[in-house]
Amino acid sequence: MRILYAVGSWGLGHATRSLSVIAALLDAGAELTIISTGRALQVLREGVGDRCEFLDWPDVPQTVARSAWWFYLKTATSAPAYLAALRRERGWTAELVGRRPVDRIVSDNRYGVQHPDLPSFHIAHGLRFIAPGRIRLIERRLEAFNHRWLGHLRLIVPDTAEDKLSGDLAHGLDIFPRAAITYAGILSRLRRRPVDQDLDLFVTLSGPEPQRSILERIVLRQLPALQTPAVVALGRPDGRSHVRIGRAEVYGYLDRTAQEEMMNRARLVICRAGYSTIMDLAELERRGVLIPTPGQTEQDYLARYHHERGTAVAVAQRQLDLRAAAEHAAAVRPLRASVHTAEAVRRITSLILAG
């Protein structure tokens, strides 16, 4: 089975969640060619080594803005370039399929990697885009855009219809028919370990610059006054430093194994509000404080949604108070999922291999 597997580079979540599916397909004997770019491509290379062929294709740029009106303006002005990039990607895919045999195409947030003559699957948790201000007409048009590009593909959502961890992003849709979607269960890079929960607080920073650095300064300023033992991962891939500030151990960077260990040991995790991170918390059944990256409407929505459900505490970056957030989080329920990663990977790989 020869599979073309494309992974989006808007953050690292698409790459980390796809690694489990990629590994399972390789273990089933499939030959994979992986398409991605930037840090996402680096993560994928590190995850599977020389078991795959890799192609570096530039991705569509992400629209991020500090306010709703700037988001609308930037989206409107960048739409022609965005569509041109998708058509270019689709053309590259057609050319590649014309030069070599391909049996399946799988895409995680790479809209243009598809082919009308091949079984093509698309993994997505955001079939509806969340518009700033939740203007229904705009969200419906954005969903219509998604349906135009993805409606003819076999859609896989890393969630379940019962858990609704992704909320309005993939449930209660206006245009996508329910029968066209397979809700397979969550996909996390982390696994539960039989370790004691001996760490009160784990703070993990991520996201694009300059927001990651801004959050780093906010967190570091508060550490001397923190009264509870904590570990902080600053999320700097080039920073291997390790210092102690007050009662906190601060690491410039933790690799996947160390990050998994800390998440398993922690009673409370303070982190960004990306959907991949939410799936990590659900996989390990941990309480979380969610800090949306400013300008990312999806994270704003997810943090607010889980705050209202009582499954997390949402805090704006500029208002973060580590001690207060930890106190508030003690009253919330841990995030949980009814279908965990191992079963979700089994369902997804079976679907892809069956065609």
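Which residue is the bridge partner of I156 in β7? The partner is T182. This is a predicted model, and the briefing below covers its two sheets, helix α10, its aromatic pairs and the surroundings of Q259. One sheet has parallel pairing, while the pairing of the other is mixed.

**The parallel sheet**

- Seven strands make up this open sheet, in the order β3-β2-β1-β4-β5-β6-β7.
- The edge positions belong to β3 and β7 (181-183), each of which has a single partner strand, so one side of each lacks a neighbour in the sheet.
- From one strand to the next, the twist averages 20°.
- Strand β6 (residues 154-157) pairs with β7 in the parallel sense over three bridges, and I156 has T182 of β7 as its bridge partner.
- Helix α2 (residues 38-48) lies across β1 (2-7), β2 (31-36) and β3, and runs at about 175° to β3.
- Helix α10 (residues 341-354) also packs on the sheet, where it touches β1, β4 (104-108), β5 (120-123), β6 and β7.
- The direction of α10 makes about 145° with that of β4.

**Helix α10**

- The 14 residues of α10 should span 20 Å at 1.5 Å a residue, and the end C-alpha atoms are 20 Å apart, which agrees.
- T341, A344, V345, I348, T349 and I352 are the buried residues of α10.
- These residues cover an arc of only 125° around the axis, so they lie on the same side of α10.
- On the face turned away from that buried side are the exposed residues A342 and A354.
- The packing partners of the buried residues of α10 are β1, α1 (13-27), β4, β5, β6 and α7 (275-284).
- G355 follows α10 and has a positive phi, near 75°.

**The mixed sheet**

- This open sheet is formed by seven strands in the order β10-β11-β9-β8-β12-β13-β14.
- At its edges stand β10 (242-245) and β14 (313-314); each has a single partner strand, so one side of each is left without a neighbour in the sheet.
- Strand β13 (residues 287-291) is joined to β14 by two bridges, and these strands run parallel.
- L290 stands opposite A314 in β14.

**Aromatic pairs**

- There are two aromatic pairs in the structure.
- W57 and W92 form an edge-to-face pair, because their ring planes are at 65°, and over 60 degrees counts as edge-to-face; the ring centres are 5.4 Å apart.
- This pair links distant parts of the chain: W57 is in the loop between β3 (53-56) and α3 (68-99), whereas W92 is in helix α3, 35 residues apart.
- W57 is buried, at a relative accessible area of 11%, while W92 is partly exposed at 28% relative accessibility.
- Y301 and Y305 have ring centres 5.6 Å apart and planes at 20°, so this pair is stacked.
- Both Y301 and Y305 belong to helix α8 (residues 297-309), where they are four residues apart, about one turn of the helix.
- Y301 counts as buried at 5% relative accessibility, and Y305 is buried with a relative accessible area of 14%.

**Surroundings of Q259**

- Q259 is found in helix α6 (residues 256-265).
- With 7% relative accessibility, Q259 counts as buried.
- Apart from its neighbours within four places in sequence, Q259 is in contact with R189, F202, T204, A233 and L254.

Key. Residues numbered from 1 in each chain as written. Predicted model: local features only at pLDDT ≥ 70, side-chain atom pairs only at ≥ 80, totals over all residues. Heavy atoms only, no water. Phe/Tyr/Trp six-rings, centres within 6.5 Å; stacked < 30°, edge-to-face > 60°. Buried < 20%, exposed > 50% of the residue type's maximum accessible area, 1.4 Å probe, protein only. Pairing = 2+ DSSP bridges. Axes fitted to C-alpha atoms, helices over the stretch in contact; angles between N-to-C directions. Contact = heavy atoms within 4.5 Å. Expected span 1.5 Å × (residues − 1). Arc of directions from axis to C-beta.
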